[in-house]
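I set out to record where selected residues sit, how far they are covered and what they touch. The entries follow in the order in which I looked things up.

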Amino acid sequence: MKDYLPYLAGALAGVLIALSISALLTLQGTPQLILFALLPAIGGAICERVLQRRSDKW
């Protein structure tokens with residue numbers, strides 16, 4: 001379970017960013033669905049990758 005924490009943190013950040021963008025731009029329909037599908041996955045992947053690279057340096 002500990003290995004999933006960086007991905008979950010990034011996914012949560014992606015969801016929060018998606019909520020913010022959706023509220024600011026008042027997106028509806030397909031653009032909103034795409035936003036909520038992509039940002040959590042991308043955020044989780046980026047966070048996991050960054051933390052993995054940092055741990056490889058140590």
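Entry 1, Tyr7. I looked up Tyr7 first and found it in helix α1, where helices are DSSP runs of H or I with at least four residues, numbered from the N terminus. I note that the model is predicted, that local features need pLDDT of at least 70 and side-chain atom pairs pLDDT 80 or more, and that totals for chains, interfaces and linings use all residues. Residues are numbered from 1 along each chain as its sequence is written, and side-chain values use heavy atoms, with hydrogens and water left out.

Tyr7 counts as partly exposed because its relative accessibility is 31%; buried means under 20% relative accessible area, exposed over 50%, and partly exposed in between, with a 1.4 Å probe and protein chains only. Setting aside residues up to four places away in sequence, I listed Pro40, Ala41, Gly44, Ala45 and Glu48 as touching Tyr7, a contact being heavy atoms within 4.5 Å. The C-alpha atoms of Tyr7 and Cys47 are 6.2 Å apart, with the two positions 40 residues apart in sequence numbering.

Entry 2, Pro6. I then checked Pro6, which also belongs to helix α1. Beyond four places in sequence, Pro6 touches Gly44, Cys47, Glu48 and Leu51. From Pro6 to Gln52 I noted 8.9 Å, C-alpha to C-alpha, for a pair 46 residues apart in sequence.

Entry 3, Pro40 and Ala41. Which residues does Pro40 contact outside its neighbours within four places in sequence? I found Tyr7, Gly10, Ala11, Gly14, Val15 and Leu35. Pro40 is part of helix α2, and its relative accessible area is 12%, so I entered Pro40 as buried. Leu16 is 24 residues from Pro40 in sequence, and their C-alpha atoms are 8.6 Å apart.

Ala41 is likewise in helix α2, but I entered Ala41 as partly exposed because its relative accessibility is 35%. The C-alpha atoms of Ala41 and Leu12 are separated by 9.5 Å, and the two residues are 29 apart along the chain.

Entry 4, Ser22 and Thr26. Is Ser22 buried or exposed? I entered Ser22 as buried, because its relative accessibility is 8%. Ser22 lies in helix α1, which runs over residues 5-25. Its contacts, not counting residues up to four places away in sequence, are Leu27, Gln32, Leu35 and Phe36.

Thr26 is in the loop between α1 and α2. I recorded a positive phi of about 45 degrees for Thr26, although Thr26 is not a glycine. Thr26 counts as exposed because its relative accessibility is 60%.

Entry 5, surface patches. I looked for patches, which are made of residues with over 30% relative accessible area and no salt bridge; like charges are joined within 9 Å and nonpolar side chains (Val, Leu, Ile, Met, Phe, Trp, Tyr) within 5 Å. A salt bridge is a side-chain nitrogen of Lys or Arg within 4 Å of a carboxyl oxygen of Asp or Glu. Accessible areas come from the Shrake-Rupley method with a 1.4 Å probe, and for residues only the protein chains shown count as cover.

Met1, Tyr4, Leu5, Tyr7 and Leu8 form a nonpolar surface patch of about 570 Å². I checked Leu8 in helix α1 and entered Leu8 as partly exposed because its relative accessible area is 43%.

Which residues gather in the patch of positive charge? I listed Arg49, Arg53, Arg54 and Lys57 on the surface. Lys and Arg count as positive, Asp and Glu as negative, and His and the chain ends are not counted; the place of a charge is NZ of Lys, CZ of Arg, CG of Asp or CD of Glu. Arg53 lies in helix α2, residues 30-57, and is exposed because its relative accessible area is 54%.
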